[in-house]
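Me: I have a model open and would like to talk it through. Can we start with confidence and then go on to the pockets?

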Amino acid sequence: MDPMNYTPPTQPVPAPAPAYATSCLKAAWEDVKATPNYVSRLLVLGLIMCVPILNFVVAGYLLFWSREVPFGGRSPLPGKIVTGKNFEYGFYAFVLSLVVGLVGGIVGGIFGWIPFIGWVVSIAVSLATYVAGIIMQMRMIMGMSLGDGFNVKDFWEKGRRNWGQLLAVTLVPMAIVIGISLVLSIVVFSIMFLCIMGAAPTIAAIGGAADPSFAQIMSLIAALAGPMIFCSLILYVVLSVAETFAEAVAIRGMAHWVARYAPEWTTLSAPRY
């Protein structure tokens, strides 16, 4: 072989990443809005979210609805909400969130003792555990098995394919809920403060009495506790509904992320939707 005329083989050029018309977050929101009367459907889910234990159904419902995306499905929010399957896989989602939350709490607690930067690390760990919880839930529902959600090595490998989209679909909806929570909390505490100020004459009258009667004491408790309980209940319901809206977008957005950056997960189990 003539070394002067030798041409080395051409190195293969990596194919560019496909371009998508919209982000995962926007695609998820468009899917939610595509359901007729989607607001009322999510309001029902939000009310179910208020009920302990039964609220497992909400996560299972949203996971099953979102599972179709990597397989090419684009159906609206299903009409049937409370089913055995939704409860079962919603419970699995709760277990995954609980485990990762405990691990994150331990790690955050350890680093929280470090002066100055401890609180920054703790916040970062909290955000990381929230993101990890959702991606673990999505892998679990793709494989239809609780064990599939604990494959940390796999979802860490897939997550590195596009961290930006992954963080956007999980943290942006949560940030909106936190913002709503802060505003509503300020409003509720302001109402409570006004109620206490309004009850000030009653408090002063009872405080000045040498031997207040039972009726006076009960009237004071009603004047203070009644508005506080009512405002707290309203706040709880509103925040549950807001959390449901955020969770619907986050889980659906995670499904779009899987379709684009972790399509291998469609082989974990046959599609069921």
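Reply: Yes, and a definition comes first: pLDDT is the predictor's confidence in each residue, from 0 to 100. This is a predicted model, in which local features need pLDDT of at least 70 and side-chain atom pairs count only at pLDDT 80 or more, while totals for chains, interfaces and linings use all residues. Residues are numbered from 1 along each chain as its sequence is written, and side-chain values use heavy atoms, with hydrogens and water left out.

Me: ok, what's the mean pLDDT of the protein chain?

Reply: The mean is 83, and 80% of the residues in the chain reach 70 or more.

Me: and which elements have the lowest and highest mean pLDDT?

Reply: Helix α8 (residues 200-208) has the lowest mean, 59, and α3 has the highest, 95; helices here are DSSP runs (H or I, at least four residues), as strands are (E, at least two), numbered from the N terminus.

Me: Pockets now. How much space lies in the largest pocket?

Reply: About 650 Å³ lies in the largest pocket, and of its 22 lining residues the closest to the centre are S97, Y130, Q137, E243 and E247. On a 1 Å grid over the protein atoms alone, a pocket is an open set of points where a 1.4 Å probe fits, with protein on both sides within 12 Å along at least five of seven lines, and lining residues have an atom within 4 Å of a point. Grid points are joined across faces, edges and corners, and the volume is the space filled by probe spheres set on the points.

Me: which element gives the most to that lining?

Reply: α4 does, with six residues, and by class the lining of the largest pocket has 13 nonpolar, seven polar and two charged residues. Ala, Val, Leu, Ile, Met, Phe, Trp, Tyr, Cys and Pro count as nonpolar, Asp, Glu, Lys and Arg as charged, and the others, Gly among them, as polar.

Me: and the second largest pocket, how much space there?

Reply: About 320 Å³, with V100, A132, M136, V152 and F155 the closest to the centre among its 15 lining residues. α5 gives the most to this lining, with six residues, and the classes are 14 nonpolar, one polar and no charged.

Me: last one, how many disulfides?

Reply: A search of the whole structure finds zero disulfides, a disulfide being a pair of cysteine sulfur atoms within 2.5 Å.
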